[in-house]
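Please look over the sequence and the model below before reading on. The paragraphs that follow begin with a single residue and then widen the view to helices and to the chain as a whole.

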Amino acid sequence: MAAATSGLWQPQEEGLREICALLEQHISPTSDKTRICQQLQHCSQFPDFNNYLTFILARAEGTLVEIRQAAGLLLKNNLRTAFKSLTPSYQQYIKSELLPCLGASDRHIRSTVGTVISVIIQQGGVPGWPELLQALLHCLDSKELNHMEGAMDALSKICEDIPQELDVDVPGLAERPINVFLPRLFQFFQSSHASLRKLSLGAVNQSIMLMPTVLVRSMDQFLQGLFVLATDPTAEVRKLVCSAFVQIIEVRPSFLEPHLRNIGEYMLLANKDTDDEVCLEACEFWSAYCEAQLPPENLVEFLPRLIPLLLSNMVYAEDDESLVDAEEDESFPDRDQDLKPRFHASRFHGSENAEDDDDDDIVNVWNLRKCSAAALDILSNVYGDDLLPTLMPLVQVLAKLANGGDEVWKEREAAVLAFGAIAEGCINGLYPHLPEIVSFLIPLLDDKFPLIRSITCWTLSRYSKFVVQGVSHQKGYEQYEKVLMGLLRRVLDTNKRVQEAACSAFATLEEESAELLGPHLEIILQHLLCAFGRYQKRNLRIVYDAIGTLADAVGEELNQPRCLEILMPPLISKWQQLSNSDKDLFPLLECFTSIAQALGPGFSQFAEPVFQRCLSLIQTQLMANVDPVSAGVQYEKEFVVCSLDLLSGLAEGLGSGVESLVAQSSLRELLLQCCQDGSLDVRQSALALLGDLARVCPTHLHPSLSEFLTVAAKQLSTPELKETVSVANNACWAIGELAVKVRQEVSPVVMTVISCLVPILQNAQALHKSLVENSAITLGRLSWVCPDLVSPHMEHFMQSWCTALSKIRDDVEKEDAFRGLCAMVRANPSGALSSLVYMCIAIASWHEIRSEELHDEVCQVLNGYKQMLRDGAWEQCMSALDPAVKEKLSKYLV
């Protein structure tokens, strides 16, 4: 398949026929896709293969359009990776062949050409293809529909994929491309062709988020165009109008404020459009307005009409796919698409760990119903109880619908959804009615319709915090028990949607209940383990989560023989059934982590096989990462991460009891490998385990202590600290834990670590709070064990260090840090003189120093400075402090 030797490139007939035949097979539904992909891959080794694809797309007039499209899409994918490596002559050939196709007679060819053009611009930029701009302008000005559509389509795709490329200075052009194109796009708003109105508005919309200067200057013209298009007969155009208003209010809300009344009226109308997609886009406006933090009073006049509209749109539509899915009971096997990928959050030591947003996952597809509920939720958080005069009539409606027939079940379900949506925002006004609301909801847990049972579970979970708060009086406790038992009943529902909602709701109730669950532990475990035996794969993951949450909530109360008899045998049986390559192990490993931490030493009877399996999983996966064939499995980092986290759970639960397991294992070598892994998640969990092992069995880390410290220190000196903050956080914490155990033996890396910690403290505002806190604590711990090494440098970091210390809550780790502070001051009193005010503020941040020894040391430090500073210097220092700080320092006898 060689290129022509002279002149312009020309395809060879044989090569052309061969590629066309392959593409024809490729689009055939009955072909052997794997074999054809391999053959196409082989063809791609020829340097002019992409020229052939270009020729087929652009010039193969007698060929099926589908084959030409397939050539174009393959070309697009190839150029993503290969365009820059093509010879300049081949690049030029591809470009020159594409431009005439902007006006191709077939719409599919035009669209595919636009896609390829966008990819080339991504690779080479606008300056690398000046002819394109001229061709696009020529087409836009041609008055020929195909040419105008083709240019607009390409322009729209460039705006979508790389809008910033059009807002740059291009050598040889007096204006930026966006400045040239935008006025022309505005003109097409008035076109008689719906396709041109749609494409032009779509292209402009793509630039709103970037808000180039020319759009800011033309905003009045743009808004006038939107007002004209607002009543366009084409639904796709009306949808784009709504989208434009939503984007503008997100990026530059001030532009819409003068027109808000008109836009609000329009959005109310659009919310009732005959086209569902227009309704959905219009519905986004209300949430976007609230999130833009514009004056709430501007929307008040719309609320009496908006709230009923949102409620009516929350009723299931007849064609909602959830209505079909909801009929599936547990006898229906899970489909592959039901099993969403799951992601394990690596272990993180410190405050402000990222929390999962586990809110309503009852409907996975974003639609008008869900968008309306989300809008009601956000509005309730902005307007609170002011919504209730409009909303409270729902209570009366509910009372009627509860006794209504089957024909009104969708309205009844929507009302329950509404109660869930306003649970947070309107809670003050709803609180007096809470017993009435919950009493209404409890019977609906047994409703005939599964979607009412599932939404009732979710709504009750939204009120679970307040249900738990009411247990102090008899009626409140009785209601709590009814909610608890009602949700447990639904956990054993035969409908898969209800199982999912009930299990998730019950996990939320568990988090709120904590010790309240104690008297019910056996019955809870019986229900959850019964579900464990019945659920299919998808919902089984939620049962694992509910069991883990239960363990986290009740802690060592779980360590009772009767509870363990119910809990452990089914889990151990599942543990034994699953192979080391089965991804269903992930949630089980997470579940065991929570159980090990809860049971503490009580887990020791189960620990040995769990420990060994974790090591085996890590070993196999590390091998698979290098040589999957020898390992017999494909590498999957989550096996390593979950296993490391379970080992951390064992260390935390068993304490020094884990020592006998670690002593006879290869954990130290594997852990060192994991601490240097290429994956951030693996390193994060490995360093967390390093810190946990340092706490309970530092002796077994000893032979590799120097390597562990060096590797951990390396995580703090990376230039990409913001991207690797969780790894750095755990590394920092682990170094501190090792320091307090091995004391002077950390001295070889002390100054390396200090040199990394100081910039973190000095740049605290820009970094994660937990990293700053751990850095302050670790610096203090290193100062405590090696004061002679650290104290000569203290004046460089005292101010930022003390500022960080003053923001840490009272605990043992803070005590260690202040022991370091006292040790350094003893070694080098003058080093802290210039930061004495900051040190006093840090000391005053203690609510109470529980260690009498540390309290005395702090007293000595302050009194030492008081004696050192003569001639009014001490009094001058004190005068710089707030009265509240001075008052707190008085307890240290100064």
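Is Met839 buried or exposed? In this predicted model, Met839 has a relative accessible area of 0% and is therefore buried, since residues under 20% are counted in that class. Met839 belongs to helix H45, which runs over residues 836–844. When residues up to four places away in sequence are not counted, Met839 touches Met798, Cys802, Leu821, Val825, Ala832, Val861 and Tyr865. A distance across the model can be read from this residue as well, for the C-alpha atoms of Met839 and Asn146 are separated by 74 Å, with these positions 693 residues apart along the chain.

Two of the residues that Met839 touches, Met798 and Cys802, lead to helix H43, which spans residues 798–805 and is mostly covered, six of its eight residues being buried. The buried residues of H43 are Met798, Ser800, Trp801, Cys802, Ala804 and Leu805. Their cover includes helix H40 (747–762), helix H41 (769–785), helix H44 (812–827) and also H45, the helix in which Met839 lies.

A further case of buried residues is found in helix H7, residues 130–140, where Leu132, Leu133, Ala135, Leu136, Leu137, Cys139 and Leu140 are buried. Among the elements that cover these buried residues of H7 are helix H6 (107–124), helix H8 (145–161) and helix H9 (177–188).

The next step is to look at how helices pack in pairs. Two packed helices are described by the angle between their axes together with the distance between those axes. Helix H24 and helix H27, the latter covering residues 496–513, pack with their axes 8 Å apart and at an angle of about 10°. Because angles under 35 degrees count as roughly parallel, H24 is roughly parallel to H27. On the H24 side the meeting residues are Pro450, Leu451, Arg453, Ser454, Cys457 and Ser461, and on the H27 side they are Arg497, Val498, Ala501, Ala502, Ala505 and Thr508. Sorted by class, this contact of H24 with H27 holds seven nonpolar, three polar and two charged residues.

One of these residues, Ser461, can be followed individually. Ser461 is placed in H24, which comprises residues 450–462, and with a relative accessibility of 12% Ser461 counts as buried. If its neighbours within four places in sequence are left aside, Ser461 is in contact with Ala505 and Thr508, both of which appear on the H27 side of the helix pair.

How do the axes of H13 and H14 cross, and within what distance do they come? The axes of helix H13 (residues 235–251) and helix H14 (residues 260–270) come within 11 Å and cross at roughly 135°, which makes H13 oblique to H14. The crossing in which H13 passes H14 is left-handed. Arg238, Val241, Cys242 and Phe245 supply the H13 side of this contact, while Ile263, Tyr266, Met267 and Ala270 supply the H14 side. The contact of H13 with H14 has seven nonpolar residues, one charged residue and no polar residue.

Loops between helices also deserve attention, and here the backbone angle phi is of interest. Most residues other than glycine have a negative phi. Met211, although not a glycine, has a positive phi of about 45°, and this residue is found in the loop between helix H10 (194–206) and helix H11 (213–217). Gln293 is likewise not a glycine and has a positive phi of about 55°, and its place is the loop between helix H15 (276–291) and helix H16 (303–313). Which of the two words, buried or exposed, applies to Met211, and which to Gln293? Met211 counts as buried at 8% relative accessibility, whereas Gln293 is exposed, with a relative accessible area of 71%.

Finally, the view can be widened to the whole chain. The protein chain has 48 helices and zero strands, and its C-alpha trace spans about 90 × 75 × 65 Å along its principal axes. Of its 894 residues, 56% are buried. Among contacts with a separation of 6 or more, residues 24 or more positions apart account for 75%. The chain is divided into domain 1 (437–553) and domain 2 (753–893), and the C-alpha centres of domain 1 and domain 2 lie 48 Å apart.

How values were computed:
Residues numbered from 1 in each chain as written. Predicted model: local features only at pLDDT ≥ 70, side-chain atom pairs only at ≥ 80, totals over all residues. Heavy atoms only, no water. Axes fitted to C-alpha atoms, helices over the stretch in contact; angles between N-to-C directions. Helix = DSSP H or I, 4+ residues; strand = E, 2+ residues; numbered from the N terminus. Parallel < 35°, antiparallel > 145°, perpendicular 65-115°, else oblique. Left-handed = near helix turned anticlockwise from the far one by under 90°. Contact = heavy atoms within 4.5 Å. Nonpolar A, V, L, I, M, F, W, Y, C, P; charged D, E, K, R; others polar. Buried < 20%, exposed > 50% of the residue type's maximum accessible area, 1.4 Å probe, protein only. Domains from an automatic or database assignment.
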